[in-house]
Amino acid sequence: MTRLLVINPGSTSTKFGVFRNDEAEYTKNIRHEDKFRALPDLISQLPIRKQMICDALSEAGIDLGSLDAVVGRGGILHPLKAGVYRVNPDMVQDLQVCRYGVHASNLGGLIAESIAKMLGIEAYIADPVIVDEMDDLARFTGWPDFERKSMFHALNQKAVARRYAREHGSRYEEVKLIVAHLGGGVSVGAHRGGRVVDVNNALLGDGPFSAERTGGLPFGSVMDYSFSGRYSQEEMVKMFVGKGGLVAYLGTGDAIEIHKRIEAGDDRARLVLEAMAYQVSKEIGAAVAVLEGDIDAIIITGGIAHDSFMIDWIRQRVSFIAPLIVYPGEDELAALAEIVGKALEGLFPIESYERRAD
């Protein structure tokens with residue numbers, strides 16, 4: 001029986017849990033809010049978050065010596081195929097310097113490696129946000145120096161796709177699905193042959209706006225902002241990722257609060273949330289073309305998939321295409337435990353990460 005410590009760091013929280021054979025024995029979510037505001041950079045948070053996890057496990061009476069491995073949410077690395085990766089010195093080096101981007105998930109592999117090293121066991125990541133399985137046709141943009149990049153909710157998208165296949169007596173590699181993850185970011189992926197062959201860049205790229213990200217923006221308007229002298233590049237990134245989307249329009253990205261506003265008669269809140277559903281539906285329509293209309297199901301997942309208004313508006317626009325399945329939430333701890341547990345049983349290969357010279 002495999003016992004795993006699974007860690008998922010976010011910008012304002014650290015979620016972690018102990019799983020035995022895919023079953024959660026203990027989970028906790030520590031909120032940080034402004035705790036790290038005075039720290040100079042992301043990596044400075046590592047020892048504090050690690051100590052919080054160890055203290056919580058100790059208080060819960062969990063013996064760290066009983067763990068077989070530690071699993072972290074994969075961070076921003078160079079593009080990788082989906083799967084399970086052992087945390088090695090090459091990966092640690094890239095994550096420590098945030099070589100490919102700064103994101104809280106970078107701490108996942110680092111905290112996992114630090115705890116695992118202390119215990120003399122292995123650390124792993126799985127299906128990180130930079131999983132890249134896109135077809136060559138999907139990479140073109142219209143300018144040779146620019147290429148569409150794969151950055152999306154790979155962990156949750158893959159987990160719900162496998163769940164759908166399992167529940168329908170099939171294998172993931174045999175089904176054709178469109179999966180839309182709705183949360184702080186939105187990603188809509190076309191799944192075919194066990195690969196996400198096309199997907200929007202959910203961090204800083206294209207696609208629908210989300211709870212706190214703008215998604216694709218009109219090129220001319222972005223150019224005007226860029227050369228206005230009013231904003232630095234860093235300020236613009238913070239506006240578009242973190243302060244965009246629902247936050248920009250309504251002052252909050254909390255779908256529960258927005259739902260209450262709509263029920264209270266707030267027409268502006270209703271229009272903005274429906275506009276998000278409209279854009280998600282358009283992106284699903286684009287994925288229909290990618291899969292040439294041959295689709296087994298459309299899956300909606302992520303935190304905002306709990307919202308009945310959002311689901312109803314999307315269903316009105318896309319249910320004629322294929323059955324609409326809703327798997328609300330994003331249980332990334334369980335998804336990590338499941339795939340790494342299967343890899344340790346020999347059902348999935350364990351991949352090796354190598355640094356690139358670029």
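Reader: Which strands does helix α9 lie across, and at what angle to β8 does α9 run?

Author: In this predicted model, helix α9 (residues 267-290) lies across β7, β8, β9 and β10. Its direction is at about 20° to that of β8. Angles under 35 degrees count as roughly parallel, so α9 is roughly parallel to β8.

Reader: What is the strand order of the sheet with β8 and β9, and what pairing does the sheet have?

Author: The order is β9-β8-β7-β10-β11, an open sheet of 5 strands with mixed pairing.

Reader: Why are β9 and β11 said to stand at the edges?

Author: Each has a single partner strand, so one side of β9 (195-199) and one side of β11 (324-328) is left without a neighbour in the sheet. From one strand to the next, the twist averages 25°.

Reader: How do you know that β8 and β9 pair?

Author: Two strands pair if there are at least two bridges between them. Strand β8 (residues 186-192) is joined to β9 by 4 bridges, so the two pair, and they run antiparallel. Gly189 stands opposite Val199 in β9.

Reader: Which strands does helix α4 touch, and what angle does α4 make with β10?

Author: Helix α4 (residues 154-167) packs on the sheet and touches β7 (176-182), β8, β9, β10 and β11. Its direction makes about 135° with that of β10. That value falls in none of the ranges for roughly parallel, antiparallel or perpendicular, so the angle counts as oblique.

Reader: What makes Thr301 buried?

Author: Thr301 is found in strand β10 (residues 297-302). Its relative accessible area is 0%, and buried means under 20%, so Thr301 is buried. Leaving out residues up to four places away in sequence, Thr301 touches Asn156, Val160, Val179, Ala180, His181, Leu182, Tyr327 and Gly329.

Reader: How far is the side chain of Thr301 from the backbone oxygen of Gly329?

Author: The side chain of Thr301 reaches that oxygen at 3.2 Å. The cut-off for a polar contact is 3.5 Å, so the distance is within it.

Reader: Why is Val102 called exposed?

Author: Exposed means over 50% relative accessible area, and Val102 has 63%, so Val102 is exposed. Val102 is found in the loop between α2 (89-96) and α3 (106-119). Apart from neighbours within four places in sequence, Val102 is in contact with Leu42 and Ile76.

Reader: What makes α8 roughly perpendicular to α10?

Author: Helix α8 (residues 255-263) and helix α10 (residues 308-318) pack at an angle of about 80°, with their axes 9 Å apart. The range for roughly perpendicular is 65 to 115 degrees, so α8 is roughly perpendicular to α10. In the contact, His259, Ile262 and Glu263 in α8 meet Ser308, Phe309 and Trp313 in α10. The residues of this contact divide into 3 nonpolar, 2 polar and 1 charged.

Reader: How many residues of strand β6 are buried?

Author: In strand β6 (residues 122-126), 4 of its 5 residues are buried, and the strand is mostly covered.

Reader: Which strands pair with β6, and in what sense?

Author: Strand β4 (residues 69-73) pairs with β6 in the parallel sense over 5 bridges. Strand β5 (residues 84-86) pairs with β6 in the antiparallel sense over 3 bridges. At least two bridges are needed for strands to pair, so both counts meet the definition. Opposite Ala126 in β6 stands Arg73, and Val84 also stands opposite Ala126.

Conventions
Residues numbered from 1 in each chain as written. Predicted model: local features only at pLDDT ≥ 70, side-chain atom pairs only at ≥ 80, totals over all residues. Heavy atoms only, no water. Axes fitted to C-alpha atoms, helices over the stretch in contact; angles between N-to-C directions. Parallel < 35°, antiparallel > 145°, perpendicular 65-115°, else oblique. Contact = heavy atoms within 4.5 Å. Nonpolar A, V, L, I, M, F, W, Y, C, P; charged D, E, K, R; others polar. Buried < 20%, exposed > 50% of the residue type's maximum accessible area, 1.4 Å probe, protein only. Polar contact = N/O pair within 3.5 Å; in protein donor to acceptor, adjacent residues only side chain to side chain.
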